[in-house]
Amino acid sequence: MVELRLEPMTEEQYQRYRASAEEGYARQIAEAGELTRADAVERARQEFGKLLPEGLATADNLFFQGYSGDTEVGMVWVALSTKSDGVRAWIFDIIVAEEHRRRGYGRAIMRALEEECRARDVTSIGLNVFGGNDGARALYEQEGYGVTQTQMRKYL
């Protein structure tokens with residue numbers, strides 16, 4: 001198991017993340033065939049604006065940077081919401097820097113996040129994974145995540 005700690009994201013880290021995340025989300029939307037590239041960029045901008053109207057300071061949203069020693073290896077964004085069974089966490093994004101992938105940091109971030117959530121009395125953690133992301137799906141399943149909903153499409 002790799003050594004990893006989570007620390008709250010700084011404003012500078014958040015700004016870098018936000019620009020990259022909007023671009024990446026737009027690319028995923030366009031690649032999935034949902035919208036044209038230009039429309040996907042606009043949708044990503046609007047959705048991030050709706051989800052994070054106060055940026056890093058948006059209530060009930062937590063942004064953590066993952067460190068191994070002094071090296072930034074990844075990040076995670078989670079939103080908290082209160083439901084009938086208690087506080088639930090929803091992972092909006094988890095990223096391991098490309099040069100640090102396949103070394104156990106993704107798993108370490110997931111486990112460190114679980115500890116953060118337990119400390120906040122969170123009852124469950126959910127996430128979405130795109131169909132073609134087999135590596136991430138395998139990791140999540142190994143960490144005990146189960147399917148709660150499936151979307152399917154047939155191209156003609």
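These are my notebook entries on a sheet and a helix pair that I looked up in this structure, which is a predicted model.

**Entry 1, the sheet.** I began with the strands, bearing in mind that strands of a sheet pair through backbone hydrogen bonds, either parallel or antiparallel. I found an open sheet of five strands in the order β1-β2-β3-β4-β5, and I noted its pairing as mixed. The edges are taken by β1 (5-8) and β5 (122-127), each of which has a single partner strand, so one side of each is left without a neighbour in the sheet. I also looked up the twist: on average, and with direction ignored, neighbouring strands of this sheet are turned by 35° against each other.

**Entry 2, β2 and β3.** I then followed one pair, strand β2 (residues 61-68) and strand β3 (residues 71-83), which run antiparallel and are joined by eight bridges. On this pairing I noted that S68 stands opposite T71 in β3.

**Entry 3, α3 and α4.** Two packed helices are described by the angle between their axes and the distance between the axes. For helix α3 (residues 105-119) and helix α4 (residues 134-142) I wrote down an angle of about 45° and axes 11 Å apart. α3 and α4 are therefore oblique to each other, and α3 passes α4 in a right-handed crossing. Looking at which residues meet, I listed G106, R107 and M110 from α3 against L139, Y140 and Q142 from α4. Sorted by class, this contact of α3 with α4 has three nonpolar, two polar and one charged residues.

Definitions and conventions
Residues numbered from 1 in each chain as written. Predicted model: local features only at pLDDT ≥ 70, side-chain atom pairs only at ≥ 80, totals over all residues. Heavy atoms only, no water. Axes fitted to C-alpha atoms, helices over the stretch in contact; angles between N-to-C directions. Helix = DSSP H or I, 4+ residues; strand = E, 2+ residues; numbered from the N terminus. Parallel < 35°, antiparallel > 145°, perpendicular 65-115°, else oblique. Left-handed = near helix turned anticlockwise from the far one by under 90°. Contact = heavy atoms within 4.5 Å. Nonpolar A, V, L, I, M, F, W, Y, C, P; charged D, E, K, R; others polar. Pairing = 2+ DSSP bridges.
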